[in-house]
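Let's explore this protein model together, one question at a time. Keep the picture open beside you as we go.

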Amino acid sequence: MVRETASPSDEQPPPLPTWTATTSPVDVRALQAQATTAVSPVDIQTLSFPDGSRGTFSTPGPGPASTPIGSGHVSPTSKDAGSGADGFDDAASVMSLAPTMRPAGDLASLLAGEFDKRGSAWSMLQSQSASIQPFERSRGRAQDPLAAFEKEFEASLDEMDDDFQDDERLALWKSKLKHYMILSSAGKPIWSRHGDLNLINSSIGVVQTIISFYEGSKAPLQGFTAGDARFVVLTQGPLYFVAISKLGESDSQIRSQLEALYMQILSTLTLPTLRNIFINRPSSDLRKPLGGTETLLSSLADNFTLGSASALLGSLECLKLHKSDRHAINNGFLKLRAEKLLYGLIVAGGKLVSVIRPRRHSLHPGDLQLIFNMLFESDGIKGGGGENWIPICLPAFNNQGYLYMYVSFLEEESDGQASGPDASLSQSADEEIAIVLISADRESFYSLKQMRDGVAQQLAKNGSLAIIRKAAQAGRPTIAQVAPGSQIRHFMYKSRANVQFCMSSLQPTLCQLVERRRLMTLYHQLHATVHAKHVHLKVLHCTSDDASSLAWVTPLFEFYCVGGPNMSRASISQGANKIVQWAKKEEQRIFIIGGGVF
């Protein structure tokens, strides 16, 4: 049997589904795919964040930029969803928004709701940012003003060979970044840090003419700028003090340095002697009365040029000791006190260890700075042996007359006894220990010497001398000891009540000459900003390509710190809090509270 097949014409196609029109319009946004790559005509830029990470974002295209629907953040410039497709930007593939109230597009997940979700890339950027040291990027910079700073302390013009021509010597003088000059109101040159006074006599004459032009006015000349150099002038009676700086210091900071040079001159001559010299003969040459003190002026000026935290903060640095150890040293000092003693000091490496004083008298930091400069910065006292008797005027205490200072350097011998002469020859400057006894009686040398011998024997006998030497060798505390885990690289903390400060070690990255100057320049800028007139800043946070820094000023303390350029504000704030808490906890060790009083 054969089955018949139907012809194609007899087949009926299945019915098509009926189409029903929707009452609501199609949402074009729902059909638009989310952006994945930037292939549209918008421009892509890179944004660096303070914590070291980087993000890409696009500038607005021809139409208004918008934010992805799924981000949860609506762009202030985008239209409502109900407005239809007219408000949608079909040209953009990476949605972005100019920085207004909310982050845009591709930055929304970094800066807004999903900020806490950090992936492996973020962690890697964080680890890299911590490894960048302060001022690391400045070393290879083409126009670095401190590139030749190491030559700043080379031989001065008067120490150069006669083979150099005057033009070469003058060019070398002009290449220096910091100058100090002292001249009289009559135009007589007295002292200059860099160079032969005969060679720069014409320059000194020009400076004297400019100062004299303003002298008769009600607003005498305080300073002026020429090119990249700042000239600061200080007038003290018949003397003009001039500083020329290219190191970015403020006028008030430079003026305090000039005042220290003036105090150095008064410590040699006293104010009445200085006045009498110029009253009788206004054109007197002061170089002869000041003969032999040029090294003190030069060492003080070099300390300012290198960067002095003590001069910047106007305070003293003390050696860190246990409270009980310092108390034992003070008590021994007081028990052996001579009848004619006015002040007694024990100093180690330029840091104050112990001080005994009258109940109603205290030494000014400026006077102590002069004493420390004489002991440790210049070679005059150390070159004369371990025992000296020096008439000295302490201008902040009394600028009308002299006091008499007995100085002896100590050394621990193998038998445990302390010796006097040649004591400092085998020690570095940071380990030298000196006893300073000051009296108003010029005939008290032998009584002070006897006191010195008794103090030295007692320090060696009870082990205090070894404790002092060990603390001096340990140096300043490191950041790892003060705030473990912090990315801060250096700090300075000043106690306003005690007029004393402490700072962290410069090792290992900031101990070089140029790096230390960079650090101090940044500290000078922070200090000048928070202490400017009519400014009431309490906290100042600064970021740059070189470093991140923080200044924190309260009625009780001043705090300054520096970290790497990619250090975030949160990290530097946390580190600052740790260090301040440490300083308050260790206050009895790092500062001298009261001292020995009689």
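Q: Is Thr-270 buried or exposed?
A: A quick note first: this is a predicted model, where local features need pLDDT of at least 70, side-chain atom pairs count only at pLDDT 80 or more, and totals for chains, interfaces and linings use all residues. Residues are numbered from 1 along each chain as its sequence is written, and side-chain values use heavy atoms, with hydrogens and water left out. Buried means under 20% relative accessible area, exposed means over 50%, and partly exposed is in between (1.4 Å probe, protein chains only). Because Thr-270 has a relative accessibility of 3%, Thr-270 counts as buried.

Q: Where is Thr-270, and what is its phi?
A: Find the loop between α6 and α7 (271-280), and you will find Thr-270; helices (H or I, at least four residues) and strands (E, at least two) are DSSP runs, numbered from the N terminus. Most residues other than glycine have a negative phi. Thr-270 is not a glycine, yet its phi is positive, at about 70°.

Q: Which loop holds Val-499, and what is its phi?
A: Look in the loop between β15 (488-495) and β16 for Val-499. Its relative accessible area is 32%, so Val-499 is partly exposed. Although Val-499 is not a glycine, it has a positive phi of about 55°.

Q: Which residue does a cis peptide bond join to Pro-508?
A: Pro-508 sits in the loop between β16 (500-503) and α16 (513-530). Most peptide bonds are trans. Here, though, omega is about 0°, and the cis bond joins Pro-508 to Gln-507.

Q: How are α6 and α8 oriented?
A: The axes of α6 (residues 251-269) and α8 (residues 294-306) come within 10 Å and cross at roughly 160°; axes are lines fitted to C-alpha atoms, for helices over the stretch in contact, and angles run from 0 to 180 degrees between N-to-C directions. Angles under 35 degrees count as roughly parallel, over 145 as roughly antiparallel, 65 to 115 as roughly perpendicular and the rest as oblique. So α6 and α8 are roughly antiparallel.

Q: How many salt bridges does a search of the whole structure find?
A: Side chains of opposite charge can pair when their charged atoms come close. A salt bridge is a side-chain nitrogen of Lys or Arg within 4 Å of a carboxyl oxygen of Asp or Glu. The number found in the whole structure is 10.

Q: Which residue meets Lys-178 in a salt bridge?
A: Lys-178 is in strand β3 (residues 178-184), and its partner is in the loop between β7 (239-245) and α6, 71 residues apart along the chain. Both residues of the pair are buried. The N to O distance is 3.0 Å, and the partner is Glu-249.

Q: How far apart are the closest N and O atoms of Asp-251 and Arg-230?
A: This salt bridge links distant parts of the chain, with Asp-251 in helix α6 and Arg-230 in strand β6 (residues 229-236). Asp-251 has 23% relative accessibility, so it counts as partly exposed. Arg-230, at 22%, counts as partly exposed as well. The closest N and O atoms are 2.6 Å apart.

Q: Which residue forms a salt bridge with Glu-558?
A: Glu-558 lies in strand β19 (residues 557-563), while its partner is in the loop between β15 and β16, so the pair ties together parts that are 62 residues apart in sequence. At 3% relative accessibility, Glu-558 counts as buried, whereas the partner, at 32%, counts as partly exposed. With the closest N and O atoms 3.0 Å apart, the partner is Arg-496.

Q: How far apart are the C-alpha atoms of Gln-473 and Gly-349?
A: Gln-473 belongs to helix α14 (residues 464-474). Its relative accessible area is 48%, so Gln-473 is partly exposed. Gly-349 is 124 residues away along the chain, and the separation of the two C-alpha atoms is 9.3 Å.

Q: What separates the C-alpha atoms of Asn-566 and Thr-543 in Å?
A: Asn-566 is placed in the loop between β19 and α17 (569-585). Asn-566 counts as buried because its relative accessibility is 14%. Asn-566 and Thr-543 are 23 residues apart along the chain, and their C-alpha atoms are separated by 8.3 Å.
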